[in-house]
Amino acid sequence: LGHYYQAKASHLDLDKRVVSCEDLYKGTKFDVAYDYLCVAAGKKSNTFGTPNIERLEGVVVFFLKHLYHARQIRNRIVECFERATNP
């Protein structure tokens, strides 16, 4: 297996088998050589047309698209337990 990169692909050279990428957080550019290439497109979470869901994301609605979403869910659960223990 290879490595995991959270980056945006900016160029694909099929002859050289290289993908040019830009790191999403650091902004650094780098090339990744490959033997086999699997392309997966990113997508926003499906809200199924529910009104106001996007506005409430991170407040009372949590998606699991990123690590910080999982942390928000964990923190909310801890907060609920702390409130339940107070009289």
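**Exercise 1.** In this predicted model, is Glu79 buried, partly exposed or exposed?

*Solution.* Start with the value: Glu79 has a relative accessibility of 28%. Buried would need a value under 20%, and exposed one over 50%. Glu79 therefore counts as partly exposed.

**Exercise 2.** Now look at Arg76: which salt bridge does Arg76 form with a Glu?

*Solution.* Step one, find the partner: it's Glu79, and the closest N and O atoms are 3.6 Å apart. Step two, check the cut-off: a salt bridge needs that nitrogen and oxygen within 4 Å, so this pair makes the list. Step three, place the pair: both residues sit in helix H2 (residues 67-85), three residues apart, which is about one turn of the helix. Last, check the surroundings: Arg76 has a relative accessible area of 34%, so Arg76 is partly exposed.

**Exercise 3.** Where does Arg83 sit relative to Glu79 in helix H2, and how far apart are the closest N and O atoms of their salt bridge?

*Solution.* Count along helix H2 to begin: Glu79 and Arg83 are four residues apart, or about one helical turn. Next, take the distance: their closest N and O atoms are 2.8 Å apart. Then look at accessibility: Arg83 comes in at 57%, so Arg83 counts as exposed. Finally, put the pairs together: salt bridges with shared partners link Arg76, Glu79 and Arg83 into one network.

**Exercise 4.** How many salt bridges does the count come to?

*Solution.* The count is two.

Technical notes. Residues numbered from 1 in each chain as written. Predicted model: local features only at pLDDT ≥ 70, side-chain atom pairs only at ≥ 80, totals over all residues. Heavy atoms only, no water. Salt bridge = Lys/Arg side-chain N within 4 Å of Asp/Glu carboxyl O. Helix = DSSP H or I, 4+ residues; strand = E, 2+ residues; numbered from the N terminus. Buried < 20%, exposed > 50% of the residue type's maximum accessible area, 1.4 Å probe, protein only.
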